[in-house]
Amino acid sequence: MTNHWRDFKNSDVILVIGANPAENHPCGWKWAHVGRDERGTRIIHVDPRFTRTSAIADVFVPIRAGTDTAFFGGLINYVLENELYQQDYVRLHTNASFIVAKDFSFEDGLFSGYDEAERTYDTTTWDYERETGSAEEASPQPGLGQGVGPIATPSFARVDPTLQDPRCVFQLMREHYSRYTPEVVSQITGIPEDKFVAVAEEFGATGTADKAGSVVYAVGLTHHTSGVQIIRGIGLLQMLLGNVGIPGGGVNAERGHANIQGNTDNAISWEILPGYLGIPRPGMETMADYLDEVPAKQLRPNSINFFGTNYGKFLVSQLKAFFGEAATADNDFAYSWIPKPEKNSSWLTVHDEARAGRLDGIIYGGFTGVTVGPDSTRMAESLANLKWLVIMDPLPTSASEFWHAPGTDPEEIQTEALFLPATHWIEKSGSFTNSGRWAQWKHQVLPATGEARDDNRILGELYQRLRDLYEEEGGAFPDPVLNLHWPYADPNNPGLEELAQEVNGSNLDSGEQLATFVDLADDGTTASGNWIYCGSWTEDGNQMDRRGVTDPTGIGYFHDWTWSWPLNRRILYNRASADADGQPWDPTRPGIQWNGSAWVGDIPDFPATSAPDEGQGAFIMTGEGVARLFAPKNLTTDGPFPEHYEQTETPLDNLLSGTRRNPAAFLYEDAPASFAEDDAEFPYVATTYRVTEHEHYVTQNVPYLVEAMPDFFVELPVELADEKGIDNGGRVRVRSKRGEVEGVALVTKRMRPLRVGDGKVVYQVGIPVHWHYAGGKGEGEAAPMMANLLTPYIGDANVRTPEYKGFLVNVERA
Amino acid sequence: MENISRRQFLQGAVGGGGAFGLATFGFDASAAAQEVRELKIQNATETRTVCPYCAVGCSMIGYTIGGQASNTEPVLVHIEGDPDSPINGGTLCPKGASTLQLAVNQRRPEHPMYRAPGGTEWERISWDDAMERMTRWVKDARDDHFIERDDEGNTVNRQTGFSFLGGATISNEEGYFTAKLMRGLGTVYLEQQARV
């Protein structure tokens, strides 16, 4: 989230899409109810299903699963054509004025640079025109010391502040989205045209300076081959409306697991190192190569480019935390020890490698491979082709028990397996970071159950044993293994308090904990495991364990309650909450404001004493200094503007272009053969979801919750059930090209037939994900009830999040 | 009222009793104090934690009894939302409200287990045996699949023999530690239960 849970109460309009917070995040969602009661916050809910969120919404908008880019494109078009956008904000805080390079083009659903054989884009042409001569005139970037090599001098982008140049981002964007008329959007999404226009008018009305609109979403938007572009569509809309950086606004992702935010921040993710530093690619032989290619470059004279400029400091400090004294200026701070992946290494790729027999083993430290799918049958094949599997978990999972799942002959499965009982969250301390980026320390309540061990104990001892073996018998490139920095009091069991301090970082000369990442250096004198957490454990102690309950601004920041990254800032990009003079767009809802000598309010996302008349760009994390309506080269794999494509499995042609599906979505071996080409055999659109009584799969171990929501079910429209002779409460079988499930039929008016295209009726089917063979009522049951038996093995073109929403099925009475 | 924490409030009510209670709250809280002493959590130890389910981050209080004396273990008697939290203000959803059953759960395996190739059952093994096996598997996978230079001669120092796939209910500190260790081993197949 750019904002945070309590901030919902500051909104005038909340657009909830692809989420059901009333059921899945109820205790955070209640702040929307507070807003409704206190200031009349209006709530718009867009979803394939009418849910409890719809029930309390002012407007419910049914939508065909997977057509969200068309929806947002339509809103963008409506806002532009009706001049609802916040003009001063757009000029000041976005790249609307940037001139795009002449070679960039878009035609029939394809951007320039597409390679059909490889299904990839060469993104070179997705760039800005440069000012002539600026490369020579520009001064070198400040702040980089010795040891990291030269940095390329910047070359500034050309701009047209009038926004009239036909090649400026604003005009290209207007042209791009002019195709997304309410009529076409209605035909694609199934939203009646008048309803779409009413929503566009209501949310578009937040484009004035005195209104705040928030977009709240969850995995209903990310579970698509074009998921990243859907989210970018939100970003474009919110920037046009001036809704980013302000209280009550924002682009707000509701995350589904307790520390999914924190463990992304800390980079248990293939493509990043802690703090969102990019993983180096082959060919970046030295840190200088890396710093030349990866960080953003300053693209305008007034761009602070804080992230790009300080990237080297963050990386060197991290390498000092990883490798300690073995990381020196002489060895490029051990940069070469960081592994460089050959290709996308997301977990879809991992299981594909396993299925192909190219992987020896997997350690699951809380991952539940088979149930998370997609295509659970294929996932189980992957596990069966491993030599070994280690499960570190407090409870049995579908992955730990895959070898004796119903219908599986254990004697056929040669995978050796270890189940290592891990302690649960309540048996250890440590911090969880919530969706609003608040890192909250928890204390150990109970001792370990039985012989269960902390994850750190397991991995700490693994390391000590490995280290011993490398010393005894040698092995492949032992240097990084033998030189990992290991300063922990118990080498077999690094303490969470010790690690929290390591993550924060310290000055290696004075030994003092650092209070801010501004003090990090690239000469080896500072160490910090993750720069964005610098400030979380200072000389004043553990800031994540603070419990102050004061709110002096009345906005709801609660700066004394735990700690949020970065630097305890509660709203990201909050410089954009103020105008060119540093005054709030809306004085009743200030984010930060200039008081004549400093920025006050929230913790400023900006240099605290940089006066407005210095004119520095509000977005310090981009090279542009402003937000990107157009995403230039290397930022996405599938386009600088979000473009609508149909799902992998779809009942419709693409009504906007001849490019039916996302042309850059990666196709795994054998997977396309398991996709339905059209809707002849599988005519209905299915979408998966979650219920309030369960969280993914672990709650099948909790008796109260199993009792409260015991049975797998399938939600069907009344009209479809009538056609198929399926009774409410009876049994229904759902088939996709990959598998089938069977459960209780929930026949409902909550899923309405939609009219799409030239009048075609589309039925949608809802399938909750929580049931499986390793717990609850599903334990040992033969009837398949794992939703992901149905889903296709394909992921988002950028980040490979599987397409769990919007695939094709057929249904029958069982 | 908004600036008084729950603990301060209770101290005012219980500790103050008569005059202080009247002055603070406008009523005599001594009767309420009597009631508080009847609750099963009266002598419990309060420990603050955070809900393990979604990422709202509801603050929770775990109430345990015992565990102070040697050879005793604390018993968890209750979990409730922390009223001080500006996020959840004491509320919990059905999942959060039933976390006691997740915390104290009969389905928890109590010891390491091994499953042989083609085996039909889990077999109990010791931690020492389990760690020895795991270490050997990891080292062999790393040694057999470690690439110092790729076909183009680039230094890549990666191992593609095994993958670590983490969960999303481990803490930041465990997450960072995992990333540090796995990158140190050269692991590229490092992911967690995100993108699900």
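Helices here are DSSP runs of at least four residues and strands are runs of at least two, numbered from the N terminus. The model on screen is predicted.

**Stop 1: chain B as a whole**

Select chain B. By that count chain B holds seven helices and nine strands. Colour its 196 residues by burial, and 47% of them come out as buried. Now consider contacts in chain B between residues at least 6 apart in sequence: 32% of these join residues at least 24 apart.

**Stop 2: strands S1, S2 and S3 of chain B**

Select residues 59-65 of chain B, which form strand S2. Six of the seven residues in S2(B) are buried, so the strand is mostly covered. Add residues 45-50 of chain B, strand S1, which runs antiparallel to S2(B) and is joined to it by six bridges. To find the register, pick B:Thr47 and look across to B:Gly62 in S2(B), which stands opposite.

Then add residues 75-81 of chain B, strand S3; six bridges join S3(B) to S2(B), again in the antiparallel sense. A pair to label here is B:Met60 and, opposite, B:Gly81 in S3(B).

**Stop 3: the contact between the chains**

Show both chains. The contact draws 129 residues from chain A and 105 residues from chain B. Select helix H18 of chain A, residues 455-473: with nine residues, H18 gives the largest share of the side of chain A that touches chain B. Coloured by class, that side of chain A shows 69 nonpolar, 41 polar and 19 charged residues.

Strands also pair across the two chains. Select residues 416-421 of chain A (S14) and residues 113-115 of chain B (S4), which pair antiparallel over three bridges. A:Leu418 has B:Tyr114 in S4(B) as its bridge partner.

**Stop 4: a three-stranded sheet in chain A**

Move to strands S15, S16 and S21 of chain A, an open sheet in the order S15-S16-S21 with antiparallel pairing. Which strands stand at the edges? They are S15 (430-433) and S21 (563-564) of chain A; each has a single partner strand, so one side of each is left without a neighbour in the sheet.

Zoom in on S15(A) and S16(A), residues 438-442 for the latter, which are paired antiparallel over four bridges. Label A:Thr433 and, opposite, A:Ala439 in S16(A). Finally, select residues 172-184 of chain B: this is helix H7, which packs on the sheet and touches both S15 and S16 of chain A. The direction of H7(B) makes about 95° with that of S15(A).

Technical notes:
Residues are numbered from 1 along each chain as its sequence is written. Chains are lettered from A and ligands numbered from 1 in the order in which they are written. This is a predicted model: local features need pLDDT of at least 70, side-chain atom pairs count only at pLDDT 80 or more; totals for chains, interfaces and linings use all residues. Two strands pair if DSSP finds at least two bridges between them. Two residues are in contact if their C-beta atoms, placed from the backbone, lie within 7 Å. Axes are lines fitted to C-alpha atoms, for helices over the stretch in contact, and angles run from 0 to 180 degrees between N-to-C directions. A residue is buried if 20 or more other C-beta atoms lie within 10 Å of its own, exposed if 12 or fewer, and partly exposed in between; C-beta atoms are placed from the backbone. Ala, Val, Leu, Ile, Met, Phe, Trp, Tyr, Cys and Pro count as nonpolar, Asp, Glu, Lys and Arg as charged, and the others, Gly among them, as polar.
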